[in-house]
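Reader: I would like a close look at a single part of this model, a loop and what lies around it. Please start at the loop and work outward.

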Amino acid sequence: MAYELEDIRASQEIFYYLLENHELREEEELLLYKAYTEEEAVQNLVKLQGETAGSTIERYGNVIYLVPKEENNFLGFSKAQLKAVLCRSGATDKDYYLSQFVILTLLVEFFDGQGSSSKAREYIRVGELQNLVSGHLKEGAQNLGEEEEERAGIAFTNMFGAYEALKSDEKGSRAKTTKEGFLHHILLFLQKQGLIEYVEQDEMIKTTKKLDSFMDWNLLNQNNYQRVLRVLGVAENE
């Protein structure tokens with residue numbers, strides 16, 4: 001299919017904007033937004049550029065997002081990069097998987113995969129999140145044997161050990177070697193990505209419209225949701 005030069009230029013401008021900002025909002029860049037949503041040729045070209053760059057282009061509501069694929073370490077984050085950002089110095093894979101378990105727990109608390117919107121609550125306190133993580137890990141480590149953990153693909157015992165190795169500081173330490181500091185840095189990271197609002201003085205966590213849309217439109221179909229529940233031990237394996 002032959003494309004007009006004008007369409008090619010428009011698609012390049014849109015894709016460059018997405019590379020720079022990761023999202024394109026209708027109210028902020030109306031002309032670019034209309035070019036993408038109203039011109040099929042432009043949209044196809046932008047999606048092709050996204051595919052070439054190891055990403056997908058998704059529109060949720062009135063926002064267009066650049067979403068790096070899982071293996072994209074250039075536009076996204078590698079395992080090593082996430083470990084350095086989220087975990088303490090000298091962290092092992094146990095610490096890394098623990099950080100991902102914390103994020104998974106947070107998502108399940110906010111989103112239940114039911115009804116017209118998957119969102120189940122408006123906010124959660126940091127202390128409640130900490131208790132939930134501890135409870136899920138302890139329950140999983142106690143109820144699943146080594147063979148069951150291997151079959152489920154979730155090493156609860158290892159993650160629980162990594163979590164218990166973190167100190168507890170009621171004064172609200174920000175050090176990654178404490179449970180409170182470990183959660184704090186994870187929440188700061190999610191806030192920097194535009195996924196949550198972390199009100200530190202009130203120890204309150206809220207989701208952003210970006211995360212709400214992404215969960216509603218892309219992640220929480222029932223198959224994915226039930227799989228997440230099984231990971232947390234909330235739903236039994238079929």
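Author: The model is predicted. A place to start is Ser89, a residue in the loop between H4 and H5. Is Ser89 buried or exposed? Ser89 counts as exposed, because its relative accessibility is 77% and the cut-off for exposed is over 50%. In sequence, Ser89 stands 87 residues from Lys176, yet their C-alpha atoms are 8.2 Å apart in space. Contacts across long stretches of sequence can also be counted for the chain: among contacts between residues at least 6 apart in sequence, 53% join residues at least 24 apart.

On one side of this loop is helix H4, residues 79-86. Its buried residues are Leu82, Lys83 and Leu86. These three are on the same side of H4, because they cover an arc of only 100° around the axis. The general rule behind such a pattern is that an α-helix has 3.6 residues a turn, so residues three or four places apart point the same way. Ala80 and Ala84 are exposed, and they sit on the face of H4 turned away from the buried side. The cover over the buried residues of H4 includes helix H5 (93-110) and helix H9 (179-192).

H5, on the other side of the loop, leads into the largest nonpolar core, which has 35 residues. In this core, Leu106 and Ile205 touch the most other members. Two or more residues each come from H4, H5, H6, helix H8 (156-165), H9, S5 and helix H10 (209-219). H5 gives the most, with seven residues. Leaving out residues up to four places away in sequence, Leu106 touches Ile124, Leu129, Leu187, Leu190, Ile196 and Ile205. There is also a second, separate core of 15 residues, with Leu24, Leu32, Ile57 and Ile64 among them. As a general matter, nonpolar side chains tend to be buried together in soluble globular proteins.

Ile124 and Ile205, both touched by Leu106, also lead to a sheet. Ile205 in S6 is the bridge partner of Ile124. S4 and strand S6 (residues 204-207) run antiparallel and are joined by three bridges. The sheet is open and has three strands in the order S4-S6-S5, with antiparallel pairing. Strand S4 (123-125) and strand S5 (196-199) are at the edges; each has a single partner strand, so one side of each lacks a neighbour in the sheet. On average, neighbouring strands here are turned by 20° against each other, direction ignored. Helix H6 (residues 126-143) lies across S4, S5 and S6 and runs at about 75° to S4.

Between S5 and S6 there is a loop that holds Glu203. The phi of Glu203 is near 50°, which is a positive value in a residue other than glycine. Glu203 counts as partly exposed because its relative accessible area is 44%. A positive phi is also found at His22, near 70°, again in a residue other than glycine. His22 is in the loop between helix H1 (5-21) and strand S1 (23-25). With a relative accessible area of 40%, His22 is partly exposed.

The last step is from these parts to the chain as a whole. The protein chain has eleven helices and six strands. Of its 238 residues, 40% count as buried. The chain exposes about 13,800 Å², and carbon and sulfur atoms supply 47% of that area.

Notes. Residues are numbered from 1 along each chain as its sequence is written. This is a predicted model: local features need pLDDT of at least 70, side-chain atom pairs count only at pLDDT 80 or more; totals for chains, interfaces and linings use all residues. Side-chain values use heavy atoms; hydrogens and water are left out. Two strands pair if DSSP finds at least two bridges between them. Helices (H or I, at least four residues) and strands (E, at least two) are DSSP runs, numbered from the N terminus. Axes are lines fitted to C-alpha atoms, for helices over the stretch in contact, and angles run from 0 to 180 degrees between N-to-C directions. Contact means heavy atoms within 4.5 Å. Buried means under 20% relative accessible area, exposed over 50%, partly exposed in between (1.4 Å probe, protein chains only). The arc is that of the directions from the helix axis to the C-beta atoms. A nonpolar core is a set of buried Ala, Val, Leu, Ile, Met, Phe, Trp, Tyr and Cys residues joined through side-chain atoms within 4.5 Å. Accessible areas come from the Shrake-Rupley method with a 1.4 Å probe; for residues, only the protein chains shown count as cover.
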